[in-house]
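Thanks for making time this morning. I'd like to walk you through one model, piece by piece. Have a look at it first.

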Amino acid sequence: MRRADAYIAPGATLGVLGGGQLGRMFAHAAQSAGYMVAVLEPEAHAPAAQVAPQQVCAAYDDVDALHRIARLCAAVTIEFENVPAAALQWLDDHVPLAPHAPAVAVCQDRAEEKALFARVGVPCAPHAVIADAAAAADPALAALLPGILKTARLGYDGKGQVTVREIGELADAFAALGAVRCVLERRLDLRSEISVLLARGRDGALVALPPQRNVHRDGILFASFAGDGAVDSAVAQRALDAARAVAVGLDYVGVLCVEFFVLGDGSLVANEIAPRPHNSGHHTIDSCDFSQFDLQLRALVGAPLPAPRLHSAAVMLNLLGELWFDASGARREPDWVALLALPGASLHLYGKREPRRGRKMGHVTFTASTLAQAEAAARSACHVLGLEPF
Ligand code: ADP
Ligand code: MG
């Protein structure tokens, strides 16, 4: 990164690579603190482009576009980790970038992430990297089954993953994923899943949000739970320590999320890293004095990092595209009035025009003084929305 030890004052323009909902919520935080925002995003009308006065509408590796962003912006962050590594490195050399390009490069690749976990002494699932069809034919891989074959790069929301039960299925699974470099990992028996969000400044100062418990359905985050009782406190402490070790190991600057599995015996296994705010931290907008996006902003502009405080228990439910269709497949609008009548409901929609199955259209957070109260409201929300309750 170009040296940027100076604090970047309000009034400056901040760039964000990616135009999705994370960029939109970053823009909200940046604008409310007095910054201007520019978005680099190939699609017009993307969620972040709708709220940023300046959009460079081009591919992430478009040379002219990168030059424009570097000229326009006092600093740049990302909301999407799959920006081509060379483009990120170019930006890192020409404008203050947080996170740094090499840290993002690690998070772009599951094999690299797992190597990092090993380097910093954080356990992860037993796994093997499978580079080609010959490697996929290794009978010794049977020791990792039943397992999940995941593409090393570009997977999200459970995409790019195939369950493999027996060794005879592995070659087909590898071919089905496009014969690209993959990681085969053992399917673990999960007691629960949790995640840690933290922010680290350019000076190495580090603050963390309390871990939340996450429930996935079909590989997609369904709900997150935060507050007393959401995560066992000894487990939370170990997860915070492990996430800190990951951030320090990456010499990370910015907001980082580490996802963990909690196994039956209470032990922790790191799953993956997101070099940006994360869906499981969306509740922090409503439940904390400083949200994950406020922390992303603070780290980016070199402002002091506040220790965030969870002032309310919270349950967040993702709102996926299927809610916009009835049982016959006809378009409908979810019953927002009934949803908003529930106690502590905060509705966040991302401005996406086209609902599609599995597409994240928005989320709703229920805050309350206790987790039990927030859960009760979220269960009622499941009823209103026609979702299987948790
Ligand atoms: P994504 O990039 O799609 O989030 P993940 O690797 O986090 O990919 O997998 C998505 C979900 O699939 C996890 O949150 C978890 O519920 C389940 N999963 C992934 N790997 C394993 C595993 N090794 N054992 C058990 N469940 C897993
Ligand atoms: Mg994940």
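**A helix, two sheets and a ligand**

Let me start with helix α6, residues 110-119. Helix α6 lies across four strands: β5, β6 (147-151), β7 and β8. Its direction makes about 55° with that of β8. Keep in mind throughout that this is a predicted model.

Now the sheet under that helix. In what order do its strands come? The order is β5-β8-β6-β7. The sheet is open, has 4 strands, and pairs in the antiparallel sense. At the edges you find β5 (127-130) and β7 (161-164), and each of them pairs on one side only. Neighbouring strands are turned by 20° against each other on average, with direction ignored.

Zoom in on one pair. Strands β5 and β8, the latter covering residues 182-186, run antiparallel and are joined by 4 bridges. If you want a residue to click on, take Val 129: its bridge partner in β8 is Val 183.

Next, some backbone details around β6. Which peptide bond is cis just here? The one from Leu 145 to Pro 146, with omega near -5°. Pro 146 sits in the loop between α7 (133-136) and β6. Then there is Leu 154, in the loop between β6 and β7. Leu 154 is not a glycine, yet its phi is positive, about 70°.

On to domains. The domain assignment gives three: domain 1 is 13-97, domain 2 is 126-186, and domain 3 is 190-385. How far apart are the C-alpha centres of domain 1 and domain 2? They lie 34 Å apart.

Let's look at the other sheet. This one is also open, with 4 strands, but the pairing is parallel. The order reads β3-β2-β1-β4. The edges are β3 (54-56) and β4 (75-78); each has a single partner strand, so one side of each is left without a neighbour in the sheet. From one strand to the next, the twist averages 25°.

Take β1, residues 13-17. β1 and β4 pair in the parallel sense over 4 bridges. Leu 17 has Ile 78 as its bridge partner in β4. Helix α1, residues 21-32, packs on this sheet and touches β1, β2 (36-40) and β4. The direction of α1 makes about 170° with that of β1.

Another cis bond, further along the chain. The peptide bond from Ala 98 to Pro 99 is cis, with omega near 5°. Pro 99 is in the loop between α4 (85-94) and α5 (101-107).

Finally, the ligand. How many residues surround ligand 1? There are 20, and the closest are Lys 150, Gly 158, Glu 193, Asn 271 and Glu 272.

Three polar pairs for your notes. A nitrogen atom of ligand 1 is 2.9 Å from a polar backbone atom of Arg 186. An oxygen atom of ligand 1 is 3.3 Å from an N or O atom in the His 216 side chain. And a polar side-chain atom of Asn 271 lies 2.7 Å from a ligand 1 oxygen.

How much of ligand 1 does the protein cover? On its own, ligand 1 has 540 Å² of accessible area, and the protein covers 91% of that. Which elements give two or more residues to the shell? They are β6, β8, β9 (190-200), β13 (254-263) and β14 (268-274). So two strands from the antiparallel sheet we began with, β6 and β8, turn up again in that shell.

That's my tour.

Definitions and conventions: Residues are numbered from 1 along each chain as its sequence is written. Chains are lettered from A and ligands numbered from 1 in the order in which they are written. This is a predicted model: local features need pLDDT of at least 70, side-chain atom pairs count only at pLDDT 80 or more; totals for chains, interfaces and linings use all residues. Side-chain values use heavy atoms; hydrogens and water are left out. Two strands pair if DSSP finds at least two bridges between them. Axes are lines fitted to C-alpha atoms, for helices over the stretch in contact, and angles run from 0 to 180 degrees between N-to-C directions. Contact means heavy atoms within 4.5 Å. Domain bounds come from an automatic or database domain assignment. A residue is near a molecule or strand if one of its heavy atoms lies within 4 Å of it. A polar contact is a pair of N or O atoms within 3.5 Å; within protein, one must be able to donate a hydrogen and the other to accept it, and residues adjacent in sequence count only if both atoms are side-chain atoms. Accessible areas come from the Shrake-Rupley method with a 1.4 Å probe; for residues, only the protein chains shown count as cover.
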